[in-house]
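Me: I would like a close look at one part of this model, the charged pairs and the strands that carry them. Please answer in connected prose, and give the cut-off behind each term.

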Amino acid sequence: MEEKSVFNYTIFNVFGQTIKNNMLTLSQGQHTIELDVSDVAKGEYFVSFYNMEKGISYENKFIKFWPLKSTFLTFKITTSMRKIFSIC
């Protein structure tokens with residue numbers, strides 16, 4: 001049986017205010033994740049992926065330049081059940 005883990009993600013602004021917060025269930029391996037940021041104003045943000053139970057966390061910065069109606073933030077994540085190997 002394939003082991004799955006719940007990862008939370010939080011998008012927050014440069015002032016530390018939470019903009020979005022949600023959960024993803026991921027199995028071990030590579031994933032492409034699209035986060036809808038169409039309702040987020042243009043500006044500088046951070047996205048944090050974490051699993052507190054396993055002590056896994058990763059944070060990355062992104063900048064939204066245009067307030068488009070349909071805007072997605074796309075990440076490719078490679079995970080083991082112990083850590084996030086890469087995110088881009």
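With which residue does the side chain of Lys20 meet in a salt bridge, and what is the N to O distance?

Reply: This is a predicted model, in which local features need pLDDT of at least 70 and side-chain atom pairs count only at pLDDT 80 or more, whereas totals for chains, interfaces and linings use all residues. Residues are numbered from 1 along each chain as its sequence is written, and side-chain values use heavy atoms, with hydrogens and water left out.

The partner of Lys20 is Asp39, and their side chains meet in a salt bridge at 3.2 Å, N to O (a salt bridge being a side-chain nitrogen of Lys or Arg within 4 Å of a carboxyl oxygen of Asp or Glu). Lys20 sits in strand β2, residues 18-27, while Asp39 belongs to the loop between β3 (29-36) and β4 (43-51), so the contact ties together parts that lie 19 residues apart in sequence. Strands here are DSSP runs of E with at least two residues, helices are runs of H or I with at least four, and both are numbered from the N terminus. Asp39 is exposed, its relative accessible area being 59% (exposed means over 50%, buried under 20% and partly exposed in between, with a 1.4 Å probe and protein chains only).

By the same rule the count comes to two salt bridges. The other pair is Glu44 with Lys61, whose closest N and O atoms are 2.9 Å apart. Glu44 lies in β4 and Lys61 in β5 (residues 56-64), so this pair ties together parts 17 residues apart in sequence. Both residues are partly exposed, Glu44 at 33% relative accessible area and Lys61 at 43%. As general background, side chains of opposite charge can pair when their charged atoms come close.

The strands that carry this second pair are themselves partners: β4 and β5 pair in the antiparallel sense over nine bridges (two strands pair if DSSP finds at least two bridges between them). Within this pairing, Lys61 of β5 is the bridge partner of Phe46, and Tyr50 stands opposite Ser57 of β5. The hairpin of β4 and β5 has four residues between the strands, and there Gly55 takes a positive phi near 70°. Strand β4 also pairs with β1, again in the antiparallel sense, over six bridges, with Val47 of β4 as the bridge partner of Ile11.

Ile11 and Val47 return in the largest nonpolar core, which has 14 residues, and they are among those that touch the most other members, together with Leu24, Ile33, Leu35, Phe49 and Phe62. Strands β1 (4-13), β2, β3, β4 and β5 each supply at least two residues of this core (a nonpolar core is a set of buried Ala, Val, Leu, Ile, Met, Phe, Trp, Tyr and Cys residues joined through side-chain atoms within 4.5 Å). Leaving aside residues up to four places away in sequence, Leu24 touches Ser5, Val6, Phe7, Tyr9, Ile33 and Phe49, where contact means heavy atoms within 4.5 Å. Val6, in strand β1, is partly exposed at 38% relative accessibility, and with the same neighbours left out Val6 touches Met23, Leu24, Thr25, Tyr50 and Asn51.

Turning to the surface, Phe15 lies in the loop between β1 and β2 and is exposed, with 70% relative accessible area. The C-alpha atoms of Phe15 and Glu44 are separated by 9.9 Å, although the two residues are 29 apart along the chain. Trp66, in the loop between β5 and β6 (72-79), is likewise exposed at 59%.

As for the setting, the secondary structure comes to zero helices and seven strands, and buried residues make up 38% of the 88 residues in the protein. Among contacts with a separation of 6 or more, 56% join residues 24 or more positions apart.
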